[in-house]
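Visitor: I have a structure open on my screen and would like a friendly walk through it. Could you take my questions one by one?

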Amino acid sequence: MDEKTSSPETPTDVAPTDVTATGDRPAVDRSTRRAALWATLVAVPVTVAVAGFTFAKLSPDAPVAAPEASPTSAGPRSSAPVEMPAPALAERPGVVCRALVSQLPATVRDLAQRPVTAGAEQNAAYGDPALTVACGGAEPTVDATADVWTVNRVCWYADERSDATVLTTLDRETAVTVTVPRAYEGALQWLTPISDAVVAAVPSGGDSPAGCRG
């Protein structure tokens, strides 16, 4: 009897080892890594830009330069007495001037009244530089064709000087003179409240120029 010799068969149908079944990670695709890298490079500057914009919006604004003070702005102003002459007045002009001073307003536009060195019963001053009101002086002599101005029913003559406009009434029993410094534009515009006081306290009188009667 022939003896059979058996030998183990070499398996030829064993399936190749599946890499994923053993728990090993698959190789990362290079193109995927490159895309991720570019995404990171783009995201970083965008984030920085957004942060900078947010900081700028939250930061306080740069201080704005303060406007320079002008004669009509709320800058420091002197309240010291204003030097003014006080010529002696006859009895009637003295009465009229005291009445005028009592009717003058506490402010002329935004200029507050200031004390005067002399003649408080006939003088007044406002603001810095001082706009002044003097009662009882001489009425100027003007030509019939001279330029005159009517402000709130009061006739004024304007004498233009280098540092001020000097305005004097021409139609009142007692003359009233207002000196408006050049620092204040539009001299006639400052006369409105003063004209109201003149109408209330100083009677009309004398011959006014034709320009004031038109």
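## Around a tryptophan, and outward

Guide: Happy to. This is a predicted model, and a good place to start is Trp-156, which, leaving aside its neighbours within four places in sequence, is in contact with Val-148, Trp-149, Val-151, Leu-167, Thr-168, Thr-169, Val-176, Val-178, Leu-191, Ile-194 and Ser-195.

Visitor: How many residues does the largest nonpolar core have?

Guide: Trp-156 is among the residues with the most contacts inside this core, together with Leu-100, Leu-131, Val-133 and Ile-194. Two or more residues come from each of α2 (91-103), β3 (123-126), β4 (131-137), β6 (154-160), β8 (175-181) and α3 (192-201). The size of the largest nonpolar core is 28 residues.

Visitor: Which element gives the most to this core?

Guide: Both helices and strands are on the list of elements that give two or more residues, with α2 and α3 beside β3, β4, β6 and β8. The top contribution is four residues, and it comes from α3.

Visitor: How many residues are in the other core, the one that lies apart?

Guide: Among its members are Met-84, Val-116, Ala-125 and Ala-130. In soluble globular proteins, nonpolar side chains tend to be buried together. Here the separate core has five residues.

Visitor: What is the order of the strands in the sheet?

Guide: The secondary structure comes to four helices and eight strands. Along the sequence the pattern reads α-α-β-β-β-β-β-β-β-β-α-α. The sheet is open, has eight strands and pairs them in the antiparallel sense, in the order β1-β2-β3-β4-β8-β7-β6-β5.

Visitor: Which strands stand at the edges of the sheet?

Guide: An edge strand here has a single partner strand, so one side of it is left without a neighbour in the sheet. That is the situation of β1 (107-108) and β5 (148-151).

Visitor: Which strands does α3 touch as it packs on the sheet, and what angle does its direction make with that of β6?

Guide: The strands that α3 touches are β1, β4, β5, β6 and β8. Its direction and that of β6 make an angle of about 130 degrees.

Visitor: Is β8 largely enclosed or left open by the rest of the structure, and how many of its residues are buried?

Guide: On one side, five bridges join β8 to β4, and the two run antiparallel. On the other pairing, β7 (residues 164-169) and β8 also share five bridges in the antiparallel sense. β8 is largely enclosed by the rest of the structure, because the buried count among its seven residues is six.

Visitor: What is the bridge partner of Val-133 in β8?

Guide: Let me give you some landmarks along β8. Cys-135 has Val-176 as its bridge partner there, while Thr-165 is matched with Val-180. For Val-133, the partner is Val-178.

Visitor: Which residue in the hairpin of β5 and β6 takes a positive phi?

Guide: These two strands pair in the antiparallel sense over four bridges, and Val-148 stands opposite Tyr-157 in β6. The hairpin has two residues between the strands. The residue with a positive phi, near 50 degrees, is Asn-152.

Visitor: How many residues lie between β6 and β7 in their hairpin?

Guide: Five bridges join this antiparallel pair, with Asp-159 opposite Val-166 in β7. β7 goes on to form a hairpin with β8 that has five residues between the strands. Between β6 and β7 the number is three.

Visitor: Which strand supplies the largest share of the lining of the largest pocket?

Guide: The pocket has a volume of about 230 Å³. Of its 14 lining residues, the closest to the centre are Met-84, Pro-85, Asn-123, Ala-134 and Thr-177. At least two lining residues come from each of β4 and β8. The largest share, five residues, belongs to β4.

Visitor: Is Glu-83 buried or exposed?

Guide: Glu-83 sits in the loop between α1 (30-58) and α2. Its C-alpha is 9.3 Å from that of Ala-125, although the two are 42 residues apart in sequence. Exposed means over 50% relative accessible area, and at 72% Glu-83 is therefore exposed.

Visitor: What percentage of the 214 residues counts as buried?

Guide: For the protein as a whole, 59% of contacts between residues at least 6 apart in sequence join residues at least 24 apart. The share of residues that count as buried is 28%.

Definitions and conventions
Residues numbered from 1 in each chain as written. Predicted model: local features only at pLDDT ≥ 70, side-chain atom pairs only at ≥ 80, totals over all residues. Heavy atoms only, no water. Core = buried A, V, L, I, M, F, W, Y, C linked by side-chain atoms within 4.5 Å. Buried < 20%, exposed > 50% of the residue type's maximum accessible area, 1.4 Å probe, protein only. Contact = heavy atoms within 4.5 Å. Pairing = 2+ DSSP bridges. Axes fitted to C-alpha atoms, helices over the stretch in contact; angles between N-to-C directions. 1 Å grid on protein atoms, 1.4 Å probe; cavity = no way out; pocket = protein on both sides within 12 Å on 5 of 7 lines; lining within 4 Å. Points joined across faces, edges and corners; volume = space filled by probe spheres on them.
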